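Here is a short set of exercises, each followed by a worked solution. Please keep the sequence and the model open as you go through them.

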Amino acid sequence: MDDLDDITGGDEERTHDFRRLLEQLAQSKKPLLREMATAVQDGHLALRQAATSTTYGTELAAPVQTFRNACQKLSPEERDNLASRARQQG
């Protein structure tokens with residue numbers, strides 16, 4: 001996962017979060033997400049390639065868009081509280 005450090009700017013916490021997300025995706029009920037996450041974890045596919053590919057990009061974009069829509073409905077205080085809770089669980 002060489003490109004993770006590039007994507008996260010070397011931020012260890014963000015890199016850890018991405019790795020944890022990939023672990024969750026590798027257990028997804030959606031076969032394409034499992035395949036993509038495993039390929040990225042095994043170093044056979046760069047995360048950027050996965051995100052921009054027609055094969056995986058659409059599958060990845062749907063939950064991201066749902067998440068973004070939900071976040072936009074939150075107040076700044078609610079977003080801060082959610083981020084704080086996520087960091088505590090991490």
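**Exercise 1. In which handedness of crossing, left-handed or right-handed, does helix 2 pass helix 3?**

Solution. This is a predicted model, so all the steps below refer to predicted coordinates.

Step 1. Two packed helices are described by the angle between their axes and the distance between the axes.

Step 2. Locate the pair: helix 2 covers residues 12–25 and helix 3 covers residues 31–41. Their axes come within 8 Å and cross at roughly 135°.

Step 3. Classify the angle. Values over 145 degrees would count as roughly antiparallel, and 65 to 115 as roughly perpendicular; the crossing of roughly 135° therefore makes helix 2 oblique to helix 3.

Step 4. Read the handedness: helix 2 passes helix 3 in a left-handed crossing.

**Exercise 2. Work out which residues of helix 2 and helix 3 meet, and what their chemical character is.**

Solution.

Step 1. From helix 2, take Leu22, Glu23 and Leu25.

Step 2. Their partners in helix 3 are Leu33, Arg34, Met36, Ala37, Val40 and Gln41.

Step 3. Sort the residues of this contact by type: six are nonpolar, one is polar and two are charged.

**Exercise 3. Describe the largest nonpolar core and find which helix gives the most to it.**

Solution.

Step 1. The largest nonpolar core has 14 residues. Met36, Val40 and Leu45 have the most contacts inside it.

Step 2. Helix 2, helix 3 and helix 4 (47–52) each supply at least two residues of this core.

Step 3. Helix 3 gives the most, with five residues.

Step 4. Look at one member of the core, Val40, which is found in helix 3. Buried means under 20% relative accessible area; with a value of 1%, Val40 is therefore buried.

Step 5. Val40 also has a partner to check at a distance along the chain: Leu4 is 36 residues away in sequence, and the two are 9.8 Å apart, C-alpha to C-alpha.

**Exercise 4. Are Asp42, Gln49 and Leu82 buried or partly exposed?**

Solution.

Step 1. Asp42 lies in the loop between helix 3 and helix 4. Its relative accessibility is 49%, so Asp42 counts as partly exposed. The C-alpha atoms of Asp42 and Leu22 are separated by 11 Å, with their positions 20 residues apart along the chain.

Step 2. Gln49 lies in helix 4. Gln49 counts as partly exposed too, at 46% relative accessibility. Gln49 and Glu59 are 10 residues apart in sequence and 13 Å apart in space, C-alpha to C-alpha.

Step 3. Leu82 has its place in helix 6 (residues 76–89). With a relative accessible area of 35%, Leu82 is partly exposed. From Leu82 to Cys71 the C-alpha distance is 9.7 Å, for a sequence separation of 11 residues.

**Exercise 5. Summarise the whole chain: what are its elements, its extent and its share of buried residues?**

Solution.

Step 1. Count the elements: the protein chain has six helices and zero strands. From the N terminus on, the order is α-α-α-α-α-α.

Step 2. Take the extent: along its principal axes, the C-alpha trace spans about 40 × 25 × 20 Å.

Step 3. Take the burial: 22% of the 90 residues count as buried.

Step 4. Finish with the contacts. Among those with a separation of 6 or more, 33% join residues 24 or more positions apart.

Conventions:
Residues are numbered from 1 along each chain as its sequence is written. This is a predicted model: local features need pLDDT of at least 70, side-chain atom pairs count only at pLDDT 80 or more; totals for chains, interfaces and linings use all residues. Side-chain values use heavy atoms; hydrogens and water are left out. Axes are lines fitted to C-alpha atoms, for helices over the stretch in contact, and angles run from 0 to 180 degrees between N-to-C directions. Helices (H or I, at least four residues) and strands (E, at least two) are DSSP runs, numbered from the N terminus. Angles under 35 degrees count as roughly parallel, over 145 as roughly antiparallel, 65 to 115 as roughly perpendicular and the rest as oblique. A crossing is left-handed if the near helix is turned anticlockwise from the far one by less than a right angle, and right-handed if clockwise. Contact means heavy atoms within 4.5 Å. Ala, Val, Leu, Ile, Met, Phe, Trp, Tyr, Cys and Pro count as nonpolar, Asp, Glu, Lys and Arg as charged, and the others, Gly among them, as polar. A nonpolar core is a set of buried Ala, Val, Leu, Ile, Met, Phe, Trp, Tyr and Cys residues joined through side-chain atoms within 4.5 Å. Buried means under 20% relative accessible area, exposed over 50%, partly exposed in between (1.4 Å probe, protein chains only).
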